[in-house]
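Here's a quick briefing on the pockets of this protein and on one of its helices. Have a look at the structure first.

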Amino acid sequence: MVIKSISLQNYRNYRTLSLDFDPDTNIFYGDNAQGKTNILEAVYVSGTSRSHRSSKDRELICFSEEEAHICTVFEKKGILHKIDMHLRKNKTKGIAIDGVPIRKASELFGLIHFVFFSPEDLSIIKNGPAERRHFLDSELCQLDKVYLYQLSNYNKVVLQRNKLLKELYLHPDYREVLDVLDMQLVQYGSALIQRRQTFAEELGEIVHRIHSQLSGGQEEMELKYEPNVTVDAFAQMLFANRERDMRLKTTATGPHRDDISFVVNGVDIRKFGSQGQQRTAALSLKLSEIELVKRLIGDTPVLLLDDVLSELDSGRQNYLLNSIENIQTLITCTGLDDFVSHQFEINKVFQVVKGHVYMPKGF
Ligand code: ATP
Ligand code: MG
């Protein structure tokens, strides 16, 4: 899969911008706060409808403006497609694929596959379970439309059930509704648990191999899915915890409380990993994603690397740069020294200065 070009209008610090990308490696370099991450973000937003760093569309629109546009052309299996996105401050966004408007932003999912790696990805390893669930969900939603459907239904049922739990003390006769919601919760939730289980097994196997190579054979990493409840015990546990849920007015049982663990040489690095260990684990995870996407969809994802090279030692930089052959990559960095010292082949270089992009001579 290859992104051919992008044009922006009033997106963050860009007034207008049109870029053609190389199908291999594209480097965006420049000082801090010039607009490098904004370009990667715009590419990601156009393919997923969401930013990796903020959930609100209005933050993506240039401060003084009411609307922004992103137009992306990409090639998938030899065919060109176009995504037009129209962001508005006080309304939901409008999206068209190949000129045809779509009703729900989620219809975009699965069209372009991205693997986005930024320094914030460390939070997948070291922050709370919500970050890790978000990681699982965003990967699975890109790969599996059925999962997306089941997740959205499951989340709706959790919200309805929590609302009902708050109202039950005023309306005890609503208990019958609770029975219905519990059945739905188990139905959708069980599908999520099963899918997460197989995904974690597949990803875990790749992570184990890549992490061992990345750490020069020094570390063995295990990724394990930790479901809050098993499929077999779900209905029974939900019922057993019902009185407590009614007291606390929230649903305590189900995959919305799942987690995944990362264990390196027997130590749980979520809590006890060094910063470097956590960073390497995050990198293994992202490199594994590339392989898993290739395996599952039979096409290469687009790799977005935001400022990650400076965070890695030279062995790991080498490993990363060597493993991204034959995959379109957009990399941001503050200087080009790392690439020169690694004799890494760069196909296209862009210099980013205050919301403008230049193509320096000599590349
Ligand atoms: P760094 O090297 O520090 O990561 P960067 O080049 O990646 O820098 P960006 O994150 O792309 O920088 O941000 C560039 C500028 O865009 C920042 O100065 C930021 O204040 C500005 N910016 C962010 N949102 C908006 C917006 N909605 N409207 C206008 N400018 C914005
Ligand atoms: Mg940045």
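What follows covers two pockets and then helix α4. Keep in mind that this is a predicted model. The largest pocket holds about 1,200 Å³ of space, while the second largest comes in at about 210 Å³.

**Largest pocket**
- Its lining counts 44 residues, and the closest to the centre are Arg-50, Phe-109, His-134, Asp-137 and Ser-138.
- Two or more lining residues come from each of α1 (36–48), β8 (114–117), α2 (122–126), α3 (129–143), α4 (145–167) and α9 (275–297).
- The top contributor is α3, with nine residues.
- Sorted by class, you get 14 nonpolar, 15 polar and 15 charged residues in this lining.

**Second largest pocket**
- Here 14 residues make up the lining, with Thr-25, Leu-321, Glu-325, Phe-344 and Glu-345 closest to the centre.
- Helix α10 (residues 314–322) supplies the largest share, three residues.
- The class split for this lining is four nonpolar, seven polar and three charged.

**Helix α4**
- With 23 residues at 1.5 Å each, α4 should span 33 Å, and the 34 Å between its end C-alpha atoms agrees with that.
- At the start of α4, Asp-144 puts a side-chain oxygen within 3.0 Å of the backbone nitrogen of Val-146.
- The buried residues of α4 include Tyr-147, Leu-148, Leu-151, Tyr-154, Val-158, Arg-161 and Leu-165.
- Among the elements covering those buried residues are α3, α5 (175–214), α6 (231–240) and α7 (242–248).

Definitions and conventions: Residues numbered from 1 in each chain as written. Chains lettered and ligands numbered in written order. Predicted model: local features only at pLDDT ≥ 70, side-chain atom pairs only at ≥ 80, totals over all residues. Heavy atoms only, no water. 1 Å grid on protein atoms, 1.4 Å probe; cavity = no way out; pocket = protein on both sides within 12 Å on 5 of 7 lines; lining within 4 Å. Points joined across faces, edges and corners; volume = space filled by probe spheres on them. Helix = DSSP H or I, 4+ residues; strand = E, 2+ residues; numbered from the N terminus. Nonpolar A, V, L, I, M, F, W, Y, C, P; charged D, E, K, R; others polar. Expected span 1.5 Å × (residues − 1). Buried < 20%, exposed > 50% of the residue type's maximum accessible area, 1.4 Å probe, protein only. Contact = heavy atoms within 4.5 Å. Polar contact = N/O pair within 3.5 Å; in protein donor to acceptor, adjacent residues only side chain to side chain.
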